[in-house]
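Thanks for sharing this one. Here are my notes, point by point, to read with the model open beside you.

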Amino acid sequence: MSDRTMTPGAAGPRAPRGARWSRLSASLIASGRGLGLCGLTLAGAGLMLALAMPVILAGAGIGIIFSHGHHGAGWDVLFSPVLLLAALVTGRFLTPSVLLAIRGLAVLTRRLCMEWCGVPIADPYRPPPGGAISQRLSFRQRLRWLLADPAALRDALWLTVNACGGWVLAAAPAGLLVYGLLNLVGGNRGHPVVAPPPALPGDEPLMLIVAGIALISLWLWAAPRLLRGYGMLARSMLGPSGRAELALRVAHLAQTRADTIDTGAAEMRRIERDLHDGAQARLVAMGMTLDAADHLLDGNPAAARALLAEARESSARALAELRDLVRGIHPPVLADRGLAEAVRALALDLPLRVDVSSELTSRPPAPVESAAYFAVNELLANVSKHADASQVWIDTRHDAGMLRIGVTDDGRGGADPARGTGLRGIERRLAAFDGVLAVNSPPGGPTTVTIEIPCAL
Amino acid sequence: MRVVIAEDLFLLRDGLTRMLEAHGLQIAAAVDNGTDLLAAVTAEKPDVAIVDVRLPPTFTDEGLRAALAARRKVPGLPVLVLSQYVEQLYARELLADGTGGIGYLLKDRVLDSSQFTDAVRRVAAGGTAMDPEVIARLLAHNSGDGALAALSPRERQVLAQMAEGRSNAAIAQRLVITERAVAKHTAAIFLKLDLQPSDDDNRRVLAVLAFLGR
């Protein structure tokens, strides 16, 4: 989820001396990628045109009526209702798909900006209704979600700006190369193949060759930078605006707060029920048994003794139930020894070989510790229930302000967070701490689940 | 038999004192924290120390650490640790030095005073008294890897009883078999766990350790 590398080779700003070939190849790659991005521009322009189609058709239809209205009925007046109908039909049936395609294109552009230009662009979209991992949305739901998001407008704006001039930045590397080469060819032949750069005086062969060399040097230096510039331009429009970022944050906080309250309330209900049905009921029964024993004490001491034994049994069971309850609320080892040891204790209870390694130097804040502990507990339960594994590795570490716990098993894999309510629940509880859960579980295994919670040590 | 008690809750400390005295044990000292425990065991040289896991000032595993420290200070000092919860992790730490004279019981066990004092005497005599709940959780999760895999189900039952601290006679009674059969099983266990015939009690502790250590 977070393993984004910041700079691919193509955008490396300074090649070491003697690495001219790598610079050359970097510039070549940048030129090719620039052309690829121009292809995206074309697609984007096409989409914008398709988006404008209903308006264009309707405008044409209305225009015909107005311009021919007082000339009497020509055949082209009959044509205008057809145009208006076409506007309606395209608006109803084509536009939704176009909107979806625009979102798709924007997503692709973001990815390519990351992979090709070395400019990571954060996702500005609101989460789909029903949380990040959700069942498939219907076409209509998806469309409503898309339209309600201000980022959709920014996507369309980007496509327009890109089509109107942004693409020049992407095309520039290839342009410089081609123009430089043409100048060299022209200088070789003795006459220009294309018009010389306007800033150059004359078109003598020497001048052309100088211009060609200058252009190609410029290309070598500038190609990756130009591509990076294009990425920055894209980021300025495709990245979340300050407002959108805040809105996303607020939506996230509201969601996680609601989830936290729900989870807390459910937990309280569970505790109340457990106490009511368990320890409380046993204490009542115990009181009654003791009372009965009291009455029997003189008349039938043997029966009284049996009742006393029963009462003692009841008290032992009440204690056992309270113990289990407390273990579920705040496990004693966690309180005593902290996360690493508590995870070790969990591992001891597992019918699998477990390898626990921990690089924690001190204890995270108690709520984080508790959330992480229960997440690991749930993950281990999943492993022993579903994974069919023989060994588990648990790795706990803290670096760069992030508590990371990896749980890997050699089981059969194929764990899908979208289907398992367990993983979903863990994710929801971690979200209260801005924590995330990443699952990597190819069919056939191995499965690695990584938990990350930001916290200071 | 002289006992030192470390328990921070007055009611429990008082109750324990009275119960043990009623069973003919002598309370050399009853303290309420780990530091005083260390002082008491060095001064009194008791036959056994009974220690609550949770003691001030941290109310975490202070008592456990105090018990381990006491055993380092007075080597071979029998210690019975009481706790509201039993953790296999802690059981292993207590048994780690392999010398025996270790008990680890739930506080609930004091409800049955005669069984509890039996456990105290066993620990004082250098045996072990592991809480049945530790054993039960172990058996429930034991996938049977390592040395224990070689044991037959019956031998495992015997080993579990041994871990709780029962003598061969008591095990025989529990499992409804003859004492001779128990002796045969224990011999087989020692052989399979590769425990050389030496001091019998120590071998029992080592077998329990192998059991808990997996």
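1. First, the vocabulary: helices (H or I, at least four residues) and strands (E, at least two) are DSSP runs, numbered from the N terminus. This is a predicted model, in which local features need pLDDT of at least 70 and side-chain atom pairs count only at pLDDT 80 or more, while totals for chains, interfaces and linings use all residues. Residues are numbered from 1 along each chain as its sequence is written, with chains lettered from A and ligands numbered from 1 in the order in which they are written.

2. A cis peptide bond joins Pro56(B) to Pro57(B), with omega near 5°. Pro57(B) sits in the loop between β3 and α3 (62-73) of chain B.

3. Now the confidence, given as pLDDT (the predictor's confidence in each residue, from 0 to 100). Chain A has a mean of 82, and 89% of its residues reach 70 or more. Among its elements, helix α3 (residues 139-147) of chain A has the lowest mean, 78, and strand β3 (residues 402-409) of chain A the highest, 93. Please go gently with residues 1-16 of chain A, where the pLDDT is below 50. Where pLDDT is low, the predicted coordinates should not be read in detail.

4. Chain B holds an open sheet of six strands in the order β2-β1-β3-β4-β5-β6, with parallel pairing; strands pair if DSSP finds at least two bridges between them. At the edges are β2 (26-31) and β6 (128-130) of chain B, each pairing on one side only. Strands β1 (residues 2-6) and β3 (residues 48-52) of chain B share four bridges, and Ala6(B) has Val51(B) as its bridge partner in β3(B).

5. Which residues have the most contacts inside the largest nonpolar core? They are Ala372(A), Val376(A), Leu37(B), Ala49(B) and Leu80(B), in a core of 99 residues. Helix α10 (residues 366-387) of chain A gives the largest share, ten residues. Such a core is a set of buried Ala, Val, Leu, Ile, Met, Phe, Trp, Tyr and Cys residues joined through C-beta atoms within 7 Å. Buried means 20 or more other C-beta atoms within 10 Å of a residue's own, exposed 12 or fewer, and partly exposed in between, with C-beta atoms placed from the backbone.

6. Finally, two residues other than glycine have positive phi: Ala400(A), near 50°, and Lys45(B), about 45°. Ala400(A) lies in the loop between β2 (391-399) and β3 of chain A and is exposed, with 6 other C-beta atoms within 10 Å. Lys45(B), in the loop between α2 (34-44) and β3 of chain B, is exposed with 12.

How values were computed:
Two residues are in contact if their C-beta atoms, placed from the backbone, lie within 7 Å.
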